[in-house]
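Here's a protein chain to explore. Take a look at the sequence and the 3D structure, then read on for a short tour.

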Amino acid sequence: MFEMVQEPGIEQTMSKTIVYVVNTAEPNPEGEALTDRGKEQSHELFRSRLITGPESIYSGISGPVMQTADIVSSDFGIPSIMVECLSNANLGKSDGSLEDKKRKILEMWDDLDRSPENGESMREIQSILSNCVNELAVNHSGQSIVVVCESIPFILFYRLVVGGVPTKDEWLNLGYCSCASYEYSNNGWALLLPPDNTYLSEPSTVSDVFSSE
């Protein structure tokens, strides 16, 4: 039995909404764009038929996430919409190096309440994400939608629904272009299908990119 969560104050009259949450396809180590393998992963998601009949596709605002959403939306023939609240962690002040970014992310996983200077903690990101996806689900009552996000929001939302503490290892082992499906109804959130990217011909994980030089 999966734990349910629901935003307080939402009317209890909505129909069920199916929400497909998709982790970005494989990005380059700098996180600026998809790799060639990532582009193919995005096309394979459509061919996998894990997603059926979406009305809308929403994405965060980073390059790889938008590229993933654009490819999926093109394959489905529906537009993608950027939503800032689906974005990745705000890491605050940075020296701009990839090493600094990696260090901050690892520190945040070690303490979910730790926030970098002028940044957000994992708990804060999870709260923002919850409100964001709840609102999208309510606005699409009785429909199905696709939400494309980066790997950190993906894991934070998954754990928000099923319960338990999100961990660094779970994040590092997450497959790119994984798709999980959820149902939102009067009872809150329920997981329908867990994250899956076994359909990919060339699967890869967060660790493959994060650990690369």
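## How H1 and H2 cross

Let's start with two helices in this predicted model. H1 passes H2 in a right-handed crossing. The angle between the two is about 35°, and their axes are 9 Å apart.

Which residues actually meet there? On the H1 side you'll find Lys39, Ser42, His43, Leu45 and Phe46, while H2 brings Gln67, Thr68, Ile71, Val72, Asp75 and Phe76. Sort the residues of this contact by character and you get five nonpolar, four polar and two charged.

## H1 up close

H1 covers residues 36–48, which makes 13 residues. Count 1.5 Å for each residue and the helix should span 18 Å; its end C-alpha atoms are indeed 18 Å apart, so the expected and computed values agree.

Now for the inside and the outside. Gly38, Gln41, Ser42, Glu44 and Leu45 are the buried residues of H1. If you look down the helix axis, these buried residues fall within an arc of 165°, so they line one face of H1. Why might residues spread along a helix share a face? An α-helix has 3.6 residues a turn, so residues three or four places apart point the same way. On the other side of H1, Asp36 and Arg47 are exposed.

What do the buried residues of H1 pack against? Their partners are strand S1 (17–23), helix H2 (63–76) and strand S5 (179–185). Just after H1 ends, there's a detail in the backbone: Arg49 takes a positive phi of about 65°.

## Ala33, in the loop before H1

Step back along the chain and you reach Ala33, in the loop between S1 and H1. Ala33 has a relative accessible area of 24%, so it counts as partly exposed, a class that begins at 20%.

Which residues does Ala33 touch, leaving aside those up to four places away in sequence? They are Pro27, Asn28, Pro64 and Gln67. Take Gln67: it sits 34 residues from Ala33 along the chain, yet their C-alpha atoms are separated by 7.4 Å. Gln67 is also one of the H2 residues that meet H1.

## H3 and its neighbours

H3 runs through residues 98–110 and, like H1, has 13 residues. From its first C-alpha to its last, H3 reaches 19 Å, close to the 18 Å expected at 1.5 Å a residue.

The buried residues here are Asp100, Lys102, Lys104, Ile105, Met108 and Trp109. They pack against four helices: H4 (122–139), H5 (151–162), H6 (168–172) and H7 (206–210).

## A stop in strand S6

Ala190 belongs to strand S6, which spans residues 188–196. Is Ala190 buried or exposed? Its relative accessibility is 15%, so it counts as buried, given that the cut-off is under 20%. Tyr158 is 32 residues from Ala190 along the chain, and the C-alpha atoms of the two are separated by 10.0 Å.

## The whole chain

Finally, zoom out. The chain has seven helices and six strands. Starting at the N terminus, the elements follow the order β-α-β-α-β-α-α-β-α-α-β-β-α.

How many of the residues are buried? Of the 213 residues in the chain, 50% count as buried. As for who touches whom, take the contacts with a separation of 6 or more: 71% of them are between residues 24 or more positions apart.

Key. Residues numbered from 1 in each chain as written. Predicted model: local features only at pLDDT ≥ 70, side-chain atom pairs only at ≥ 80, totals over all residues. Heavy atoms only, no water. Expected span 1.5 Å × (residues − 1). Buried < 20%, exposed > 50% of the residue type's maximum accessible area, 1.4 Å probe, protein only. Arc of directions from axis to C-beta. Contact = heavy atoms within 4.5 Å. Axes fitted to C-alpha atoms, helices over the stretch in contact; angles between N-to-C directions. Left-handed = near helix turned anticlockwise from the far one by under 90°. Nonpolar A, V, L, I, M, F, W, Y, C, P; charged D, E, K, R; others polar.
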